[in-house]
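Q: I would like to go through this structure with you. May I ask some short questions as we look?
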Amino acid sequence: MIDWLAFVLVLVSALLGTVVVVSAYSLGIRLLTISGRTPIVSPAEFTDAITIVTPAEIKAAEKRAKKAAKKSPLTEGQKRLALVGAWACFVVSGFAVLVGIYLIIGDHVLKLFGAA
C-alpha cells in the first residue's frame with residue numbers, strides 16, 4: 001500500500017527546496033552584477049567542444065563588464081549593500097542545499113555513529 005500523504009509531502013518539499021535554491025542563487029547573481037562585480041568565468045577548452053571561445057572574445061566580455069560597471073547609476077553605498085545582499089542570497093541558497101542533504105542522509109549518519 002502506498003502512503004500518498006508521504007508522497008505528496010516529499011513532492012512539495014522538493015519543489016519548495018528547488019524554488020528556494022534557484023531563486024536565492026539567481027537573485028544573488030543579479031545583485032552581484034548590480035554591485036559592479038559581474039562574474040566572468042572563462043570557459044574551459046575541451047578537445048571535443050562544439051564552441052570554443054577565443055581569448056579575444058573573453059577580453060571583449062571583460063571590457064564590456066568593466067564598462068557596464070562604470071555606467072552604474074548606484075552610489076558606492078548602494079553597490080556595497082547589493083554585494084552584501086548577494087552574499088546573503090548565496091548563504092541562503094547554500095543553507096537550503098545543506099538542509100536538503102541533511103533531510104536525505106541525516107538520520108542514517110546519526111544512526112551510523114550511534115547518536116540516534
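Q: Is serine 93 buried or exposed?
A: Serine 93 counts as buried, because its relative accessibility is 7% and buried means under 20%. Please keep in mind that this is a predicted model.

Q: Where is serine 93 found?
A: Serine 93 is found in helix H3.

Q: And which residues does serine 93 touch, leaving out those up to four places away in sequence?
A: Serine 93 touches Val21, Ala24 and Tyr25.

Q: What about phenylalanine 95, is that one buried or exposed?
A: Phenylalanine 95 is exposed, with a relative accessible area of 57%, and its place is also in helix H3. Its C-alpha atom is separated by 8.8 Å from that of valine 21, although the two residues are 74 residues apart along the chain.

Q: Which residues of H3 are buried?
A: The buried residues in H3 are Lys79, Ala82, Leu83, Ala86, Cys89, Phe90, Ser93 and Gly106.

Q: How many residues does H3 have, and how far does it reach?
A: Helix H3 covers residues 76-112, which gives 37 residues. From its first C-alpha to its last it reaches 51 Å, close to the 54 Å expected at 1.5 Å a residue.

Q: Where is the kink in H3 centred?
A: The kink in H3 is centred on isoleucine 105, and its angle is about 60°.

Q: What follows H3?
A: Glycine 114 follows H3, and its phi is positive, near 75°.

Q: Let us turn to aromatic rings. How many aromatic pairs are there?
A: The count comes to 3 aromatic pairs. One of them joins tyrosine 25 and phenylalanine 90, whose ring centres are 5.5 Å apart. Their planes stand at 45°, so this pair is tilted.

Q: Which parts of the chain does that pair link?
A: The pair links distant parts of the chain. Tyrosine 25 is in helix H1 and phenylalanine 90 is in helix H3, with their positions 65 residues apart.

Q: How accessible are tyrosine 25 and phenylalanine 90?
A: Tyrosine 25 counts as partly exposed, at 46% relative accessibility. Phenylalanine 90 has a relative accessible area of 17%, so this residue is buried.

Q: What kind of pair do tryptophan 87 and phenylalanine 90 form?
A: Tryptophan 87 and phenylalanine 90 form an edge-to-face pair, with 80° between the planes and 5.4 Å centre to centre. They are 3 residues apart in helix H3, so about one helical turn separates them. Tryptophan 87 is exposed, with a relative accessible area of 51%.

Q: Which residues make up the aromatic cluster?
A: Tyr25, Trp87 and Phe90 form one aromatic cluster.

Q: Now H1, please. How many residues does it have, and which are buried?
A: H1 has 31 residues. Its reach from first C-alpha to last is 45 Å, close to the 45 Å expected at 1.5 Å a residue. Its buried residues are Ala24, Gly28, Leu31 and Leu32.

Q: What covers the buried residues of H1?
A: The cover includes H3.

Q: And what follows H1?
A: Glycine 36 follows H1, and its phi is positive, near 95°.

Q: Where is serine 35 found?
A: Serine 35 is found in the loop between helix H1 (4-34) and helix H2 (55-70). This residue is buried, with a relative accessible area of 4%.

Q: Which residues does serine 35 touch, again leaving out those up to four places away in sequence?
A: Serine 35 touches Lys79, Ala82 and Leu83. Those three residues are among the buried ones of H3. In addition, a polar atom of the side chain of serine 35 lies 2.7 Å from the backbone oxygen of leucine 32.

Q: Finally, the whole chain. How many helices and strands are there?
A: The chain has 3 helices and 0 strands, and its elements run α-α-α from the N terminus on.

Q: How much of the chain counts as buried?
A: Of its 116 residues, 12% count as buried. The chain exposes about 9500 Å², and carbon and sulfur atoms supply 71% of that area.

Q: What share of the contacts with a separation of 6 or more comes from residues 24 or more positions apart?
A: Residues 24 or more positions apart account for 69% of those contacts.

Note on methods. Residues are numbered from 1 along each chain as its sequence is written. This is a predicted model: local features need pLDDT of at least 70, side-chain atom pairs count only at pLDDT 80 or more; totals for chains, interfaces and linings use all residues. Side-chain values use heavy atoms; hydrogens and water are left out. Helices (H or I, at least four residues) and strands (E, at least two) are DSSP runs, numbered from the N terminus. Buried means under 20% relative accessible area, exposed over 50%, partly exposed in between (1.4 Å probe, protein chains only). A polar contact is a pair of N or O atoms within 3.5 Å; within protein, one must be able to donate a hydrogen and the other to accept it, and residues adjacent in sequence count only if both atoms are side-chain atoms. Contact means heavy atoms within 4.5 Å. Accessible areas come from the Shrake-Rupley method with a 1.4 Å probe; for residues, only the protein chains shown count as cover. The expected span of a helix is 1.5 Å times one less than its number of residues. The bend at a residue is the angle between axes fitted to the seven residues ending there and the seven starting there. Rings of Phe, Tyr and Trp (its six-membered ring) pair if their centres lie within 6.5 Å; planes under 30 degrees apart count as stacked, over 60 as edge-to-face and the rest as tilted.
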